[in-house]
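Ready for some practice in reading a protein model? Take a look at the sequence and the structure, then work through the exercises at your own pace.

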Amino acid sequence: MKPRMQVTILGSTGSIGVSTLDVLARHPERFEVFALTAASRDEVLLAQCIQFRPRYAVLTDTTAARRLQERLKSTDLETEVLAGPRALEEVASDPAVDVVMAAIVGAAGLAPCLAAARSGKRLLLANKEALVVGGEVFLDAVRTGGARLLPIDSEHSAIFQSLPDDEQLWPQSVDRIILTASGGPFRTWPVEQLSGVTPEQACAHPNWSMGRKISVDSATMMNKALEVIEARYLFGLAPRQIEVLIHPQSIIHSMVQYRDHSVVAQLGTPDMRGPIAYGLSWPERIASGSAALDWRRLPAMTFEALDEHDHERRFPGLALAWQVLEGPPGQCAVLNAANEVAVAAFLDRRIRFDQIHAVNLAVLESMRFAQPRSLEDLLAIDTEARAEAQARVQELGA
């Protein structure tokens with residue numbers, strides 16, 4: 001019998017982390033949880049520790065870590081509690097770990113992703129920012145460490161599954177990749193009404209159950225802009241070889257068009273456990289717990305180009321993906337940081353929904369910097385962009 005693969009989950013209390021644990025629980029003979037991490041949700045992490053008995057539990061909030069440590073004393077668990085951002089890197093790079101699920105939202109996940117990459121792990125990438133912010137710095141770490149990078153976003157997993165197994169064939173055989181997008185909750189709203197969108201409305205995605213930040217990104221389609229950037233780095237294509245097509249039913253998760261104009265697509269129910277299970281078991285396939293497509297009840301599948309139905313005005317942030325990819329290195333990190341600040345301000349009701357794009361655009365136009373060559377350079381750009389975005393938010397809220 002093969003030894004069980006040791007898995008660290010960065011961000012185990014979020015939606016991707018919870019789905020990952022659901023898949024792992026279905027295959028106790030194949031996987032063992034090495035470490036679980038969270039920011040501050042110690043009560044949720046305690047319940048996960050009781051069920052999965054990891055060797056380590058990490059909370060970046062030191063007060064929450066102390067609470068968890070105290071609560072674990074009343075159990076028979078031997079789980080060791082670690083605290084602080086540095087501990088994330090330790091459990092991501094530990095020699096005993098085989099697989100790292102990177103599911104920490106935002107730039108906070110970049111350092112542990114780099115640690116896992118440099119340590120040669122199988123890195124399941126659900127954190128867009130590792131590539132959006134890290135770019136070539138992150139890819140250099142993957143190459144140097146010999147890591148196996150597997151995408152977990154449903155769209156990028158679909159592309160990966162639709163490409164030839166031999167990566168050397170990609171440049172000569174692929175014409176373009178087509179990322180599908182649901183269009184979010186405001187796909188059919190009059191553009192003039194978007195200024196009145198509430199956080200509750202923006203977080204009510206029609207197809208997917210996601211966290212608040214990514215739900216807002218889906219509503220603005222900034223999530224698709226970040227996915228375009230991520231796809232550029234994952235698959236090594238030119239930015240203009242990446243297209244976005246609105247597919248409201250979320251059945252076709254993405255497509256690859258080849259030089260002969262044939263198209264290969266990956267289909268499935270909108271359930272993140274599918275790509276998670278594929279990443280965990282690649283190149284094999286295991287049960288994920290997601291429902292099978294019922295072809296008898298499948299809705300009609302429709303598609304909309306971005307130049308239809310006022311979508312270019314409805315989702316102006318999407319075009320920023322190609323702008324930053326064709327701009328100076330580091331602009332992708334600026335866009336990500338500005339967007340995180342703008343979305344947080346919207347969720348706090350400090351700016352309007354339609355002002356998220358205004359903040360992102362203003363920050364991109366105002367910042368100038370040298371090409372980033374290290375994690376420290378990237379974090380400096382991130383910090384400067386956040387400060388600039390906060391200033392723009394204050395101007396809009398004044």
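A residue is called buried when its relative accessible area is under 20%, exposed when that value is over 50%, and partly exposed in between. Keep in mind that this model is predicted.

**Exercise 1. Find out how many disulfides there are, and explain the count using C113 and C332.**

Step 1. Recall that a disulfide is a covalent bond between the sulfur atoms of two cysteines. The cut-off to apply is 2.5 Å between the two sulfur atoms.

Step 2. Start from C113. Its closest cysteine sulfur is in C332, 16 Å away, which is too far for a bond.

Step 3. Now start from C332. The nearest cysteine sulfur is that of C113, again at 16 Å, and C332 is in no disulfide.

Step 4. The count is therefore zero disulfides.

Step 5. Are C113 and C332 buried or exposed? C113 has a relative accessible area of 1%, so it is buried. C332, with 6%, is buried as well.

**Exercise 2. Describe the surroundings of helix α5, residues 110-118.**

Step 1. Eight of its nine residues are buried, so the helix is largely enclosed by the rest of the structure.

Step 2. Name the buried ones: L110, A111, P112, C113, L114, A115, A116 and A117. You have already met C113, with its relative accessible area of 1%.

Step 3. Look for the cover. The elements over these buried residues include the strands β1 (5-10), β5 (99-102) and β6 (122-125). The helices α4 (85-93), α6 (129-145) and α17 (375-397) are also among them.

Step 4. See what comes after the helix: α5 is followed by G120, which has a positive phi near 75 degrees.

**Exercise 3. Examine the backbone at R53, H261 and P283.**

Step 1. Begin with the general rule: most residues other than glycine have a negative phi, and most peptide bonds are trans.

Step 2. R53 is not a glycine, yet its phi is positive, near 50 degrees. R53 sits in the loop between α2 (42-52) and β3 (56-59). Its relative accessibility is 44%, so R53 counts as partly exposed.

Step 3. H261 is not a glycine either, and its phi is about 75 degrees. You will find H261 in the loop that joins β10 (252-258) to β11 (263-267). A relative accessibility of 59% makes H261 exposed.

Step 4. Between W282 and P283 the peptide bond is cis, and omega is near 5 degrees. P283 belongs to the loop between α12 (273-281) and α13 (311-314).

**Exercise 4. Compare the settings of E304 and W295.**

Step 1. Locate both residues. E304 lies in the loop between α12 and α13, and W295 is also placed in the loop between α12 and α13.

Step 2. Check how accessible each residue is. E304 has a relative accessible area of 10%, so it is buried, whereas W295, at 59%, counts as exposed.

Step 3. List the partners of E304. Leaving out residues up to four places away in sequence, E304 touches R187, L245, I246, P248, H309 and H311. With R187, the side chains make a polar contact of 2.4 Å.

Step 4. Turn to W295. Together with L267, M301 and F303, W295 forms a nonpolar patch on the surface, with about 380 Å² of accessible area in total.

Conventions
Residues are numbered from 1 along each chain as its sequence is written. This is a predicted model: local features need pLDDT of at least 70, side-chain atom pairs count only at pLDDT 80 or more; totals for chains, interfaces and linings use all residues. Side-chain values use heavy atoms; hydrogens and water are left out. Helices (H or I, at least four residues) and strands (E, at least two) are DSSP runs, numbered from the N terminus. Buried means under 20% relative accessible area, exposed over 50%, partly exposed in between (1.4 Å probe, protein chains only). Patches are made of residues with over 30% relative accessible area and no salt bridge: like charges are joined within 9 Å, nonpolar side chains (Val, Leu, Ile, Met, Phe, Trp, Tyr) within 5 Å. Accessible areas come from the Shrake-Rupley method with a 1.4 Å probe; for residues, only the protein chains shown count as cover. A salt bridge is a side-chain nitrogen of Lys or Arg within 4 Å of a carboxyl oxygen of Asp or Glu. Contact means heavy atoms within 4.5 Å. A polar contact is a pair of N or O atoms within 3.5 Å; within protein, one must be able to donate a hydrogen and the other to accept it, and residues adjacent in sequence count only if both atoms are side-chain atoms.
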